[in-house]
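The following exercises ask the student to read a structure step by step. Please study the sequence and the model before turning to the solutions.

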Amino acid sequence: MSVSCNCIAGAMRAIRPASTLRTELHAVRTSARRTVTSSHSPSSAIVYRALPKQKTICLPRAQNSIWHGRNLGGNPRKPPGQPVRPFSNSTPRCKLKTIEQVRARNKGGPFNLTAAILFISAGVGLYFYFTYEKERVARKRIAEQTKGMGKPKVGGPFDLIDQDGQQFTHEDMQGKYALVYFGFTHCPDICPDELDKMALMIDKIKENCGNVILPIMISCDPARDTPAVLKEYLKEFHPDIIGLTGTYDNIKQTCKAYRVYFSTPPNVKPGQDYLVDHSIYFYLMDPEGDFVEAIGRNFTADQAAKVMMDHIKDWKGPLNKKEHWA
Amino acid sequence: MGWLPLGSSEKPACPKPSADGAFEAPNRTNRAKCYEARDAFFECLDRNNILDSINTKGGVAAAQKACGKADQEFEKNCAHSWVEYFKKQRVVNYQKEQTIRRIEAEGGEIVAPQLPTRR
């Protein structure tokens, strides 16, 4: 009996741990299932902390249950039965069926001919657009630098006479772009060259923008450059050029307004032979009489004409296109 | 500089008076003639290896000796102020060229003065 009792007791002893083990394992399983779905690390920490108290045999099963729980939880790659809900409803553009297709696609990266053409054409387009805009804004800045605040820095009122002996003032420049050059008729080489250049510029601008420019040559040598001399001299260059002269004081005042340096002896005898030193710039003045830009000798006629035409095309205000001599 | 004709008003190239009495400026033909005479004179100077024909006494004498005839032609076809101007310009241009060459030989770069606004 004792044996049997022992046996039963032994059996009971043997059963009891088994049943407790079963209940505890059940508890572990459910807790694992519950917690894994919400968050992974704390539950596994709990499981692994609980496990050393159990027999080692429980470990694989518990782990199994954990992995199972994980799969249930949120891994969309292997849906356990129901289809995975996709992020977008649209059908994928290229379904790559075989691994070769995937490899072939990934070999060249995300680039193909269409993408390359689009990329390059967009780049080229943007480049030209930005270059154009940059130039336009730079011109605008130059043109507006002298606007607004107080008196213009270059240019201003003057009172002179043209080659026909008529009065010509700054007001006669209104409404047209004016290209102002300072020179003198007895000039050895630079002035004739520059006036030839001016003639080319005038033709170029007239051809492209119409009759918008008023070419003016102001003499720095009023003692020798009378209206008749100017008239005779300028007709060799361009019929449009207006030659201006005046009294020494008026010329001096005009040159000062245009920041032009010149050195004519104030008292010269008729027939005296001398040279006049003067600055050689073309001054572009806008239709409101404000200074736009100075163009030096380093510009060719074509370059200078382009600079001026760009400014003229930017001009939004009214432009007088009537012939000056009409 | 005793040889230099100081009064230049009697030259044949001297301009005629215009309608209102002032002297007319040299026209395109006059200028072309003047440039031609100038180039002939400078060519003569080049042949004789003379650079300066105006600033130094020795230069004036050398130019007069070697290219006296060309110089006379030059003076005849251009206003006296132009002659002086071109002779001085010849020296200045040569010096400018030399300076540019020297700077380039030293590895420097010559940048033409630009307006501060563009490029």
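**Exercise 1.** Determine which residues A:K176 touches, not counting residues up to four places away in sequence.

*Solution.* Step 1: apply the contact criterion, namely heavy atoms within 4.5 Å. Step 2: list the partners of A:K176, which are A:N211, A:V212, A:L214, A:M285, A:D286, A:P287, A:L319, A:N320, A:K321 and A:K322. Step 3: place the residue; A:K176 is found in the loop between β2 and β3 of chain A. Here helices (H or I, at least four residues) and strands (E, at least two) are DSSP runs, numbered from the N terminus. Step 4: classify its accessibility, where buried means under 20% relative accessible area, exposed over 50%, and partly exposed in between (1.4 Å probe, protein chains only). A:K176 has 4% relative accessibility and therefore counts as buried.

Two conventions apply throughout. This is a predicted model, in which local features need pLDDT of at least 70 and side-chain atom pairs count only at pLDDT 80 or more, while totals for chains, interfaces and linings use all residues. Residues are numbered from 1 along each chain as its sequence is written, chains are lettered from A and ligands numbered from 1 in the order in which they are written, and side-chain values use heavy atoms, with hydrogens and water left out.

**Exercise 2.** State where UniProt places the feature "binding site", and describe the surroundings of A:C187 and A:C191.

*Solution.* Step 1: consult the record. The unreviewed UniProt entry places the feature at A:C187, A:C191 and A:H278. These residues are spread over 92 residues of sequence, yet they cluster in space, with a largest C-alpha distance of 10.2 Å. UniProt positions are given in the numbering used here, feature names are shortened, and annotations may be inferred rather than shown by experiment.

Step 2: examine A:C187. This residue lies in the loop between β3 (177-183) and α6 (190-209) of chain A. Its relative accessible area is 4%, so A:C187 is buried. Leaving aside neighbours within four places in sequence, A:C187 is in contact with A:P192 and B:W82.

Step 3: examine A:C191. This residue is found in helix α6 of chain A. Its relative accessibility is 0%, and A:C191 therefore counts as buried. Not counting residues up to four places away in sequence, A:C191 touches A:Y181, A:G183, A:F184, A:Y233 and A:H278.

**Exercise 3.** Trace the salt bridges in which A:R139 takes part with A:D310 and with A:D314.

*Solution.* Step 1: recall the criterion. A salt bridge is a side-chain nitrogen of Lys or Arg within 4 Å of a carboxyl oxygen of Asp or Glu. By this rule there are 18 salt bridges over all chains.

Step 2: consider A:D310 and A:R139, whose side chains meet in a salt bridge (3.6 Å, N to O). A:D310 lies in helix α9 (residues 301-314) of chain A and A:R139 in helix α5 of chain A, so the pair ties together parts that are 171 residues apart in sequence. Both A:D310 and A:R139 are buried.

Step 3: consider A:R139 and A:D314, which form a salt bridge at 2.7 Å, N to O. Because A:R139 lies in helix α5 of chain A and A:D314 in helix α9 of chain A, this pair ties together parts that are 175 residues apart in sequence. A:R139 is buried at 9% relative accessibility, whereas A:D314 is partly exposed at 24%.

Step 4: combine the results. Salt bridges that share partners join A:R139, A:K306, A:D310 and A:D314 into one network.

**Exercise 4.** Give the strand order of the open sheet of seven strands in chain A.

*Solution.* Step 1: two strands pair if DSSP finds at least two bridges between them. Step 2: the order is β2-β1-β5-β4-β3-β8-β9 (chain A), with mixed pairing. Step 3: the edge strands are β2 (167-169) and β9 (291-295) of chain A, each of which pairs on one side only. Step 4: inspect one pair. β3(A) and strand β4 (residues 213-219) of chain A pair in the parallel sense over seven bridges, and A:V180 stands opposite A:I216 in β4(A).
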